[in-house]
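The following exercises concern a chain interface and the aromatic rings of a protein model. Each task is followed by a solution in steps.

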Amino acid sequence: MAIALQINGETHTVDTEPETPLLWVLRDNIGLTGTKFGCGIAQCGVCTVHLDGQAVKSCAIPVSAAVGRRITTIEGLTAKGQLHPVQAAWIEAGVPQCGYCQSGQIMAAAALLARRRNPSDQEIDAAMSGNLCRCGTYLRIRQGIRRAAALMQTE
Amino acid sequence: MTQTTISRRAFIQTSVAAGGGLLLGFHVPGADAASVEAHPWKTPTDGVEINAWLTIDRNGVVTVRVPHTEMGQGALTSVAMMIAEELNVDWSKIQAVFADPNRHLTRGREYKVMTTHGSQLVRLQHPHIMQAGASARERLKAAAAQAWRVDRSAVEAKLGVLKSGKRSGTYAEFATAAAAIQLPTEPAIKTPDQWWLLGQSKQRLDIPRKVDGSAAFAIDTRLPGMVYAAVKCCPVPWGKLKSFSFDAVKQRPGVIAAIELKAVPGKTAFSDMQNGVAIVADTWYRAKTALDLMPIEWDFGPAAQSSTESQWAEARKLLEQPGEVSNATGANAIEMIGAGGKVIAAEYHRPWETHARMEPINATVSVTDSRVDVWSPTQDQSLALTLAADQTGRDVKDVFVHTVFLGGGFGGGGGGNTAVTRQAAELSRQLKRPVKVVWSREEDINHDKQRPPNMTAFKALLGDKGLPSAWFTRSVWFTQDGMPRIGAAHADYSIGNMPYKVPNRHHERHNGKTHIPTATHRAPGAGQHGFMTESFVDEVAIAGGWNPLDWRIEMTKGMDDWQRVLLTLKEKSGFRTDLPRGEGMGIGIVESHGSIAAACATVTVSRRGALHVEKLVIVVDSGHVINPLGGIEQCEGSAAWELSHAWVGGLDLKEGRFTNTNFDTYNLLRIDQMPQVDVHFALSGGSKWGGLGEPAGPPVPPAVANAIFYATGKRIRSTPFRSHDLSWS
């Protein structure tokens with residue numbers, strides 16, 4: 001069936017079953033491949049996107065549940081060519097290694113900082129513990145979030 | 001005529017992107033080609049090829065072609081740095097692209113080595129990579145010398161400018177002439193004291209691409225007319241497919257075909273296909289859903305009897321029998337230990353582990369009448385190329401492998417070292433259209449090439465001063481069908497070649513048999529045995545009344561590199577054994593990949609047994625470091641890799657198959673478990689060149705286990721730590 005979605009400020013109409021996870025609509029139907037597939041059971045976080053500003057695991061959200069809501073993917077985090085502070089901080093701190101999980105990490109971090117301007121180390125660990133990184137960049141993820149928080153204070 | 005890997009369109013796209021504020025121009029031809037279509041890569045018109053490794057364009061921008069894969073370990077940056085060092089060009093004028101594997105294979109292995117493994121890139125390949133830069137520099141100088149009628153030695157090449165007396169010109173001006181020059185003899189590469197760039201920290205070139213979703217991985221490949229396949233092989237590896245009922249699912253939306261995949265009898269090596277079935281559909285989720293719903297019957301075969309328990313029973317039986325002797329030094333250690341005295345004995349074992357790259361195993365192949373194109377997350381593009389050629393019956397000259405970013409490597413080679421490239425090639429050959437095969441996480445974990453489990457029995461006899469006078473070890477190392485390919489060397493690593501000066505040594509190994517396909521994982525051998533040897537060393541040291549750090553310093557006397565690392569660890573870590581109950585520090589030191597790495601862990605364990613790893617101090621001697629920042633990142637990552645397995649990992653085998661095949665049951669280290677990591681280099685320099693992609697991992701598990709001992713009094717002899725009761729009172 002035809003389903004209309006608001007993704008990164010644009011309307012997309014896709015023809016798919018309503019139970020299809022949002023992840024696969026983004027990747028295969030629309031071609032937004034910055035959002036990744038990792039586990040399919042909401043355990044690794046590489047598929048993290050924002051739904052109305054909240055970080056969600058898109059592999060576990062049926063596309064029908066995203067109708068009428070603002071969907072933001074990693075491609076939409078960069079506004080008018082301007083990197084989001086989390087992205088800028090990620091470059092400064094040199095966070096990514098292989099990079100595969102980093103779209104999800106960045107989306108989770110951006111959602112955290114949207115609700116907590118200056119999170120504690122415990123809050124960072126709690127908010128990010130659903131996002132796996134096999135390269136072990138966790139130290140730099142923490143640094144990146146602290147740096148992004150600082151960048152956002154001065155904005 | 002020059003040939004490079006950059007499509008014209010990719011070049012234009014990235015030139016535009018580079019105007020968007022990126023400090024360093026950077027583009028990824030395979031990735032960009034993936035978003036257009038499968039056609040031969042075009043030659044850029046405005047760069048002159050000096051040699052296979054580099055081009056110089058009219059603005060003096062040097063494009064370095066990197067034959068290795070980038071999995072976040074810094075291949076693009078390291079190779080570009082080595083070329084820039086020799087070429088004497090400003091770092092901001094350098095960009096990196098992936099070299100063309102087809103060119104490599106069809107022109108006599110022009111890049112010498114295209115695989116990327118064993119922490120080898122810098123330590124083993126730097127001579128020929130730096131040679132390529134040095135040769136280009138000297139040819140530019142020779143071109144200027146000819147034009148100016150001076151001797152080449154009178155020409156200076158610095159920061160992209162050639163100079164002799166009052167004459168000067170840019171590299172770009174002389175690039176065309178340089179390309180035609182033959183040097184009478186190739187120049188020597190620079191020695192470390194001559195470096196102006198190497199040894200400085202440079203941020204990796206691939207990072208900006210990895211924060212905005214634009215970095216393309218093999219799994220992101222999209223081609224016109226492409227279809228998607230989900231595959232399922234026999235849950236018990238090498239079992240047979242009895243039947244499947246496509247009729248039950250063929251009416252489902254988007255479903256195109258069901259295709260049986262067949263193992264070739266007798267072909268059970270590294271990358272060969274197993275029996276299975278694929279469902280092909282217009283999206284992957286439709287294919288996967290139909291596959292999950294399709295009735296399939298398997299013949300699991302005799303391997304369905306095996307389990308973790310049966311495997312350890314088999315190992316214990318082997319440990320009772322003499323194995324293959326790979327180290328016998330001094331008097332007969334077995335007899336000495338058998339004669340009695342103070343003997344310390346212990347058995348250690350480690351379970352199966354899986355790569356679990358965050359990018360699930362996948363490949364995309366397009367087979368047409370004229371050519372075959374492959375996108376595969378492989379650490380060995382030449383292997384992916386020959387696999388696709390073999391499966392489709394085509395000549396290698398007609399097969400093109402597009403190098404893309406790898407969503408993790410860790411020694412497993414992703415698509416190259418698994419059957420997925422063959423699967424995609426076979427499906428595309430039959431369907432005559434591009435096919436992307438993606439393994440579900442469950443398929444990925446169950447059918448990856450696993451890290452072998454192993455078990456070792458240790459015995460040491462204490463002699464004078466409480467130090468060991470005899471040391472006897474016997475190991476069992478499981479490999480598929482006992483194939484020694486992976487077994488032989490790795491089964492001895494960090495056990496048979498333990499550095500400590502015990503006068504009488506004896507090591508034997510057994511190659512245990514399993515039906516599970518096995519392969520290398522990050523720090524193979526050292527990863528498993530580092531924990532065993534270095535934990536047992538603590539047992540022996542403590543039994544002899546020694547401080548474990550002093551014991552290691554004593555037992556490596558006269559070995560300068562080991563002494564330097566241990567003394568640096570002592571200084572940086574403040575290791576001590578007198579912390580209050582519930583707190584502990586522990587150490588480990590392991591040599592692998594040409595480097596010596598030591599770790600000191602600080603842990604706390606609650607009375608109820610909750611482990612918290614607070615800090616790791618890592619000290620490494622890799623001889624030299626060309627990019628300290630990149631080296632530190634790799635040490636942090638290696639530490640997390642081994643800590644993950646040792647603390648929370650472990651695959652369980654039951655009825656011939658793994659039972660924990662997704663991240664709800666196969667655990668990986670999470671951010672709230674990650675300790676602080678401080679990395680220090682204690683470099684010996686000289687002719688030593690060690691790797692940095694793996695060595696910092698192996699000393700971490702024993703450091704943590706030894707710290708747990710000091711915190712709780714409990715000696716941990718197997719992993720994962722989470723399966724042990726660490727409570728104390």
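**Exercise 1.** Identify the partner of Arg27(A) in a salt bridge, and place this pair within the interface of chain A and chain B.

*Solution.* In this predicted model, the side chain of Arg27(A) forms a salt bridge with that of Asp220(B), at 3.0 Å from N to O. A distance of 3.0 Å satisfies the cut-off of 4 Å. The count between chain A and chain B is four salt bridges. Polar contact, with both residues at pLDDT 80 or more, is found for 26 residue pairs across this interface. On the side of chain A that touches chain B, the elements giving two or more residues include α1 (22-30), α4 (102-115) and α6 (138-153) of chain A. The residues of that side comprise 22 nonpolar, 19 polar and eleven charged.

**Exercise 2.** State how much area chain A and chain B bury between them, and which residues in chain A lose the most.

*Solution.* The two chains bury about 4500 Å² between them, 59% of it on carbon and sulfur atoms. In chain A, the most area is lost to chain B by Gln97(A), Arg134(A) and Leu139(A), which together account for 19% of what that side buries.

**Exercise 3.** Classify the ring pair of Trp24(A) and Phe37(A), and decide whether each residue is buried or exposed.

*Solution.* The search of the whole structure gives 19 aromatic pairs over all chains. For Trp24(A) and Phe37(A), the ring centres are 4.9 Å apart and the planes stand at 55°, so the pair is tilted. Trp24(A) lies in helix α1 of chain A, and Phe37(A) in the loop between α1 and β3 (48-51) of chain A, 13 residues apart. Trp24(A) is buried because its relative accessibility is 6%, and Phe37(A) is buried at 2% relative accessible area.

Key. Residues numbered from 1 in each chain as written. Chains lettered and ligands numbered in written order. Predicted model: local features only at pLDDT ≥ 70, side-chain atom pairs only at ≥ 80, totals over all residues. Heavy atoms only, no water. Buried area = accessible area lost by both parts, 1.4 Å probe. Polar contact = N/O pair within 3.5 Å; in protein donor to acceptor, adjacent residues only side chain to side chain. Helix = DSSP H or I, 4+ residues; strand = E, 2+ residues; numbered from the N terminus. Nonpolar A, V, L, I, M, F, W, Y, C, P; charged D, E, K, R; others polar. Phe/Tyr/Trp six-rings, centres within 6.5 Å; stacked < 30°, edge-to-face > 60°. Buried < 20%, exposed > 50% of the residue type's maximum accessible area, 1.4 Å probe, protein only.
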